[in-house]
Amino acid sequence: MEKLGHSELFFSDYRDYWYNRDFLDLMAKRWGLNRYSSMLDVGCGQCHWSRLLVPYLKAGAAVTGYDSDIKWAAGNEKIKQQFESASAQVSFVKGDAQDLPFENDSFDVVTCQTVLIHVENPLKALSEMKRVVKKNGIVICAEPNNLAGAVIKDSASKNDSLEEKLENLKYALLWEQGKINLKEGDNSFGDLLTGEMSKAGFTNIQSYISDKAIPLYPPYTNGEQIATIKSVELWEKEKATMIDIGRKYFEILGPEALKFYKDSNTKNVENKVLKLIKKHEYYSGGATIMYLVSGTK
Ligand SMILES: C[S@@+](CC[C@H](N)C(=O)[O-])C[C@H]1O[C@@H](n2cnc3c(N)ncnc32)[C@H](O)[C@@H]1O
């Protein structure tokens, strides 16, 4: 069986539950999406993000999915049908977010979700997004702070000692720094997004935070809880891949960081959580920080 790549590990159905529907209704109104009929989804993956946005566009809208990974840039029938049932059409193009192969002023809406956290030069990507959006169109980026999770409590961590809490935070900080050093992006780029959009010359910049939380508590029966737990199970099942991904981020920071990684218990967190779920003793508030920043040119 083919080994799962990095993005497959994060493409399970839980992405369909990242927003409250009434929050998206409100955001679509703020962004004026019903005026628009073409959209470019940069770093589309399996189009979880553009599938959520497309019902707010004009009927018959044309969506272009764009990704550097041919697996996603080749598209697939299931995704095409999902767009068709929302009265839209989708086509796919392969390429780098930092170098878009489209003419100036090509799309009404240019958007991305959890993509700028993976690119070496997000300012270049933002400038490209600005170049290809039409005058009076809108660029919308949804990017997180992924560090906050390291200090958010749940029933698995509530009794951790001060040392364990510091270890969890150090683990997250080193992971993030190693990824930056390897030029694979900043996992908390969301914090910097508004400023970088301003640098890229956008006007009318607006920044919001998704109001969605996915609390987990027994008996874990609603759809979003089931999908979230499935993701944790996948990360535990694919632990060897997850550990490989992490190792290179610590390795680049030097032998001390690598030793810290090898010794750290933090990489066993999924296992700890799943054991508590099995006993119906796991609960969490389910908060995340997802920025939604828009700008026009
Ligand atoms: C975390 S996934 C997000 C996918 C999708 N936007 C979503 O929200 O479900 C990141 C995606 O960005 C793509 N990607 C990463 N770096 C890229 C780059 N430099 N140019 C274009 N796509 C890129 C990956 O292949 C992957 O599909």
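In this predicted model, helix 11 has a buried set made up of Glu270, Val273, Leu274, Leu276 and Ile277. Viewed along the axis of helix 11, these buried residues lie within an arc of 160°, so they line one face of the helix. The spacing is easy to follow by eye, because an α-helix has 3.6 residues a turn and residues three or four places apart point the same way. On the face of helix 11 turned away from the buried side sit Lys275 and Lys278, both exposed. Just beyond the end of helix 11, the backbone of His280 adopts a positive phi of about 60°.

What do the buried residues of helix 11 pack against? Their partner is helix 8. The axes of helix 8, residues 223-237, and helix 11, residues 269-278, come within 9 Å of each other and cross at roughly 130°. With that angle, helix 8 is oblique to helix 11, and the crossing is left-handed. From helix 8, the contact draws on Ile229, Val232, Glu233, Trp235 and Glu236, while helix 11 supplies Glu270, Asn271, Val273, Leu274 and Ile277. Sorted by class, the residues of this contact comprise 6 nonpolar, 1 polar and 3 charged. Glu270, Val273, Leu274 and Ile277 thus appear in the contact with helix 8 and also among the buried residues of helix 11.

A second helix pair is formed by helix 9, residues 239-251, and helix 10, residues 255-263, whose axes come within 8 Å and cross at roughly 155°. Angles over 145 degrees count as roughly antiparallel, and helix 9 is therefore roughly antiparallel to helix 10. On the helix 9 side, the contact is made by Met242, Ile243, Gly246, Arg247, Phe250 and Glu251, and these meet Ala257, Leu258, Phe260 and Tyr261 of helix 10. This contact between helix 9 and helix 10 divides into 7 nonpolar, 1 polar and 2 charged residues.

Arg247, one of the helix 9 residues in that contact, can also be placed relative to Asp22. The two residues are separated by 225 positions in sequence and by 40 Å in space, taken from C-alpha to C-alpha. Asp22 belongs to helix 1, which covers residues 21-31. Its relative accessibility is 56%, so Asp22 counts as exposed.

Several backbone details in the loops also deserve a look. The peptide bond that joins Pro218 to Pro219 is cis, with omega near 5°. Pro219 falls in the loop between strand 6, residues 203-209, and helix 8, the helix whose contact with helix 11 is described above.

Two further loop residues have positive phi although neither is a glycine: Cys47, at about 65°, and Ser87, at about 55°. Are these two residues buried or exposed? Cys47 is found in the loop between strand 1, residues 38-42, and helix 2, residues 48-53. With a relative accessibility of 0%, Cys47 counts as buried. Ser87 occupies the loop between helix 4, residues 77-85, and strand 3, residues 89-94. Here the relative accessible area is 43%, so Ser87 is partly exposed.

How values were computed: Residues numbered from 1 in each chain as written. Predicted model: local features only at pLDDT ≥ 70, side-chain atom pairs only at ≥ 80, totals over all residues. Heavy atoms only, no water. Axes fitted to C-alpha atoms, helices over the stretch in contact; angles between N-to-C directions. Helix = DSSP H or I, 4+ residues; strand = E, 2+ residues; numbered from the N terminus. Parallel < 35°, antiparallel > 145°, perpendicular 65-115°, else oblique. Left-handed = near helix turned anticlockwise from the far one by under 90°. Contact = heavy atoms within 4.5 Å. Nonpolar A, V, L, I, M, F, W, Y, C, P; charged D, E, K, R; others polar. Buried < 20%, exposed > 50% of the residue type's maximum accessible area, 1.4 Å probe, protein only. Arc of directions from axis to C-beta.
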